[in-house]
Amino acid sequence: MRNPLSNKITTIKPSGIRKFFDIVSEMEDAISLGVGEPDFDTPWHIRDEGIYSLEKGKTFYTSNAGLKELRQEICNYYGRKQGVVYNPMTETLVTVGGSEGIDLALRCMLNPGDEVIIPTPCYVSYEPCTVMADGVPVILPLKNENQFRLTPEELEGAITEKTKILILAFPNNPTGAIMEKSDLEALVPIIEKHDLMVISDEIYSELSYKSKHVSICSLPGMKERTIVINGFSKAYAMTGWRLGYALGPELVIKQMIKLHQFAIMCAPTTSQYAAIEALKNGDDDVVEMTEAYNQRRRFLMNEFKEMNLPCFEPFGAFYVFPCIKEFGMTSEEFALKFLEEEKVAVVPGTAFGDCGEGFLRISYAYSIDDLKVAIGRLKDFVEKLRAEK
Amino acid sequence: MREKILKAIEKNSRIDLKELAIMLGEEEINVVNEIAAMEAEGIICGYHTLIDWEKTSIEKVSALIEVRVTPQRGQGFDTIAERIYKYPEVNSVYLISGGYDLLVSLEGKSLKEVSNFVSDKLSTLDTVLSTATHFILKKYKDHGTVLAKKYVDERLKMTP
């Protein structure tokens, strides 16, 4: 029989998280700090709207780009938060989670051989999606001493004449790093000089604890160069609804809608109705959940300080990224040993790129009580390792 | 800061104050002082424990009683409310808008004890026009806490 697989797909490595997932799933009594989704349920009034839409028989396709009312609400939201005006008819697309938007944007903008700068550590999908879109991923390792922010020097150093796209994913998974307005402003001249496009993955935008999130699309001259990816999963605790959106210049969005039409048809109708409610009446829920995350974040930072585990203070998402280099183990070895001996699962930093070596991603999408138990075990583990040395 | 402290201790009045200060990003001494001030001002009126009596072997009956009364000249509902809340078996008394005037909640050892209270003490008060007693059969949720079901984390244990 002939090989049924494409060459491209077989070159792509499986997600680094997979191996751990299989081990953890087998361990009944293990507790986990490894999830990438909120611990809150979707607020009831949002779920209720989804249920109500089903009761009313709203079970058909929507227009390819998504319900008009939802697109309007999305544009209102970016107007309200970032002061950027998007046209709901031509510059807005409702997608199946932020993930689909990333895939579409790359596939609609890349020609074979075009380079995509991917600052790492980062979410796992940018690199494989770039490869599948015939692009060339250029991995740009960010540094702990810069709090995992992207500096203009680093960007400049990664650019070649083939560079077409820069991926910006802040607030960041897995580091929790943010880019403040001044950090972004420093990048703009370089982006303009080299005529780059930016895919700005802002899925964690609401979970910013130092200052309000600033999108690069709000900086002068950047709206035309930016595809904003966002969604409902993190801010409104709606991961399972699979709903996101893309905003950008008509030229690109038009092609993304075309591809979305052929590949997906439209995002789930029930989710779209629920999302309208989220954007209209969900601000208070977001504030409340963000405050809860922030309290846990402060709690964890203090615990790390007390156990003397170096960790830069992250101001976004719901992750902390402590450094475990002192123990002379790889991230994977550490995580595995920690899991075996203390029955707590964390994700090795290397699951998010090679430069995550020496770090762990710890999620605080857990109740304070759960965090206390898990961090207590980390404390014991760290003390044990230090005593052995 | 007050609002944040109140929100936290409303859910967990036994929270360690040092820990609370860390979580709020405040100095511990400020949190302690703020709580003391709110106690003095009567904003914080007490610290209670939420108990699911159903799970104990202790018999308890709770009831909500709607009371219609005649308000008194110059005093409105305050005097009659005071007459009612002075009974130690009464848990709470609210003045209510709508079809009746006062909502009284109370606890007793048995149905009989509660009904005796209503018929002997409450209904016989001069200004009370009528009462309607509702016995609570099951508490699903109390003070924002779900009693009927335990939280189970159904998320995948590890996701990117």
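**View 1. B:Thr159 reaches across to the backbone of A:Gly36 in this predicted model.** Here a polar atom of the B:Thr159 side chain sits 2.7 Å from the backbone nitrogen of A:Gly36. You'll find B:Thr159 in the segment that follows β6 (145-146) of chain B. Is this residue buried or exposed? B:Thr159 counts as buried, because its relative accessibility is 14% and the cut-off for buried is under 20%. Setting aside neighbours within four places in sequence, B:Thr159 is in contact with A:Ile17, A:Gly34, A:Val35, A:Gly36, A:Glu37 and A:Arg361.

**View 2. Chain B and chain A meet over about 2000 Å² of buried area.** Carbon and sulfur atoms make up 56% of that buried area. Which residues of chain B lose the most area to chain A? They are B:Lys157, B:Met158 and B:Pro160, which together give 39% of what the chain B side buries. Counting residues, the contact draws 16 from chain B and 35 from chain A.

**View 3. Salt bridges and polar contacts run across the interface of chain B and chain A.** The rule finds three salt bridges there. It also picks out 16 residue pairs in polar contact across the interface, with both residues at pLDDT 80 or more. On the chain B side, α1 (2-11) and α2 (17-24) each bring at least two residues to the part that touches chain A. The largest share comes from α2(B), with five residues. Sorted by type, the chain B residues touching chain A are seven nonpolar, two polar and seven charged.

**View 4. B:Lys18 and A:Glu306 form a salt bridge between the chains.** Zoom in on the two side chains and the closest N and O atoms are 3.9 Å apart. Why does this pair join two chains? A:Glu306 lies in helix α11 of chain A while B:Lys18 lies in helix α2 of chain B, so the link goes from one chain to the other. A:Glu306 is partly exposed, at 46% relative accessible area. B:Lys18 is partly exposed too, at 42%.

**View 5. A:Asp39 and A:Arg296 pair up in a salt bridge within chain A.** Their closest N and O atoms are 3.0 Å apart. How many residues separate the two along the chain? The gap is 257 residues: A:Asp39 is in the loop between β1 (31-32) and α3 (44-55), and A:Arg296 is in helix α11 (residues 283-306). Both A:Asp39 and A:Arg296 are buried.

**View 6. A:Arg386 and A:Glu326 make another salt bridge in chain A.** The N to O distance for this one is 2.9 Å. The pair links distant parts of the chain, 60 residues apart. A:Arg386 belongs to helix α13 (residues 368-388), and A:Glu326 to the loop between β9 (319-320) and α12 (331-342). A:Arg386 counts as partly exposed at 28% relative accessibility, and A:Glu326 is partly exposed at 32%. Elsewhere, A:Arg149, A:Glu180, A:Asp183 and A:Lys210 are linked in a network of salt bridges. Over all chains, a search of the whole structure turns up 34 salt bridges.

**View 7. A:Thr175 is a buried residue in a loop of chain A.** The loop in question runs between β5 (163-168) and α8 (181-193). At 1% relative accessibility, A:Thr175 counts as buried. What does its side chain reach? It comes to 3.1 Å from the backbone nitrogen of A:Ala177, and a polar contact of 2.9 Å joins the side chains of A:Thr175 and A:Asn172. Leaving out neighbours within four places in sequence, the residues in contact with A:Thr175 are A:Pro121, A:Phe148, A:Phe312, A:Pro314, A:Tyr319 and A:Phe321. For A:Thr175 and A:Ser205, the C-alpha atoms are 14 Å apart in space, with their positions 30 residues apart in sequence.

**View 8. Chain B has five helices and six strands.** Follow the sequence and the pattern reads α-α-α-β-α-β-β-α-β-β-β. The radius of gyration of chain B is 21 Å, well over the 15 Å that the globule rule gives for 160 residues, so chain B is more spread out than a compact globule. Its C-alpha trace spans about 65 × 40 × 30 Å along the principal axes. Of the 160 residues, 29% count as buried. Among contacts in chain B with a separation of 6 or more, 62% are between residues 24 or more positions apart.

Definitions and conventions: Residues numbered from 1 in each chain as written. Chains lettered and ligands numbered in written order. Predicted model: local features only at pLDDT ≥ 70, side-chain atom pairs only at ≥ 80, totals over all residues. Heavy atoms only, no water. Contact = heavy atoms within 4.5 Å. Buried area = accessible area lost by both parts, 1.4 Å probe. Salt bridge = Lys/Arg side-chain N within 4 Å of Asp/Glu carboxyl O. Polar contact = N/O pair within 3.5 Å; in protein donor to acceptor, adjacent residues only side chain to side chain. Helix = DSSP H or I, 4+ residues; strand = E, 2+ residues; numbered from the N terminus. Nonpolar A, V, L, I, M, F, W, Y, C, P; charged D, E, K, R; others polar. Rg over C-alpha atoms; globule rule 2.2 N^0.38 Å. Buried < 20%, exposed > 50% of the residue type's maximum accessible area, 1.4 Å probe, protein only.
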